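User: Could you take a close look at one part of this protein for me, the largest pocket, and then walk outward from there into whatever surrounds it? I'd like one connected story rather than a list.

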Amino acid sequence: MANAATRTFFIETFGCQMNRADSEVILGQLSGLGFVRTGDAAAADLVVYNTCSVRDGAEAKVRGRLDACRYRKRPGQKLVVMGCMAQRLGRDILDRWPHVDLVAGSDQFASLPTLLQRLDQEGRLAETG
């Protein structure tokens, strides 16, 4: 049984095989930070959407998830949008979905631990450059 201090994360991957590989990197990073994976987005302390913008269908699914999260996000829960849709839209995601905490582009996967630390210190941010 997990103790009360255990932080949980949920990750959902949209799109290509590369995104699945990137999600494995994210899983390893978050596990290394002491997070435990959960299959329940509503109960997770950290929700990560690893996005694709090659097909509009994948982006439409992400937009739907973000719209739904607007009403379901718990206080203290962090919402992260990563990947090529995040790279393409950048700060516009923060403007359209004010409940999103972090937007990280395709080249920011390796920086996730640092970005999460900055998020705790600085508040909402977009890193896509």
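Analyst: The largest pocket holds about 230 Å³ of space, and keep in mind that this is a predicted model. Its lining is made up of Arg7, Leu33, Phe35, Asp45, Leu46, Gly76, Lys78, Pro113, Leu116, Gln117, Leu119 and Asp120. Sort those residues by character and you get six nonpolar, two polar and four charged. Helix H5, residues 112–122, puts in the largest share of the lining, with five residues.

Now for the nonpolar packing. The largest nonpolar core has 19 residues, and the members that touch the most others are Tyr49, Leu66, Leu79, Ile93 and Val100. Several elements chip in at least two residues each: strands S3 (46–51) and S4 (78–83), along with helices H2 (56–72), H3 (84–89) and H4 (91–96). H2 is the top contributor here, giving four residues. If you want one residue to click on, try Ile93: leaving aside residues up to four places away in sequence, Ile93 touches Val81, Met85, Ala86, Val100 and Val103. There's also a second, separate core, this one of 17 residues, with Ile11, Val48, Leu102 and Leu115 among them.

Ile11 leads us to a serine. Ser23 sits in helix H1, residues 17–32, and is buried, at 7% relative accessibility. Again skipping residues up to four places away in sequence, Ser23 touches Ile11, Thr13 and Asn50.

Last stop, the cysteines, since you may well wonder about disulfides. The count comes to zero. Take Cys52: its closest cysteine sulfur is the one in Cys84, 4.5 Å away, and a disulfide needs the two sulfur atoms within 2.5 Å, so that distance is too far for a bond. Looking from the other side, the sulfur of Cys84 likewise has Cys52 as its closest cysteine partner, at 4.5 Å. As for their surroundings, Cys52 counts as buried, at 4% relative accessibility, whereas Cys84 is partly exposed, with a relative accessible area of 22%.

How values were computed
Residues are numbered from 1 along each chain as its sequence is written. This is a predicted model: local features need pLDDT of at least 70, side-chain atom pairs count only at pLDDT 80 or more; totals for chains, interfaces and linings use all residues. Side-chain values use heavy atoms; hydrogens and water are left out. A nonpolar core is a set of buried Ala, Val, Leu, Ile, Met, Phe, Trp, Tyr and Cys residues joined through side-chain atoms within 4.5 Å. Buried means under 20% relative accessible area, exposed over 50%, partly exposed in between (1.4 Å probe, protein chains only). Contact means heavy atoms within 4.5 Å. On a 1 Å grid over the protein atoms alone, a cavity is a set of points where a 1.4 Å probe fits but cannot get out, and a pocket is an open set with protein on both sides within 12 Å along at least five of seven lines; lining residues have an atom within 4 Å of a point. Grid points are joined across faces, edges and corners, and a volume is the space filled by probe spheres set on the points. Ala, Val, Leu, Ile, Met, Phe, Trp, Tyr, Cys and Pro count as nonpolar, Asp, Glu, Lys and Arg as charged, and the others, Gly among them, as polar.
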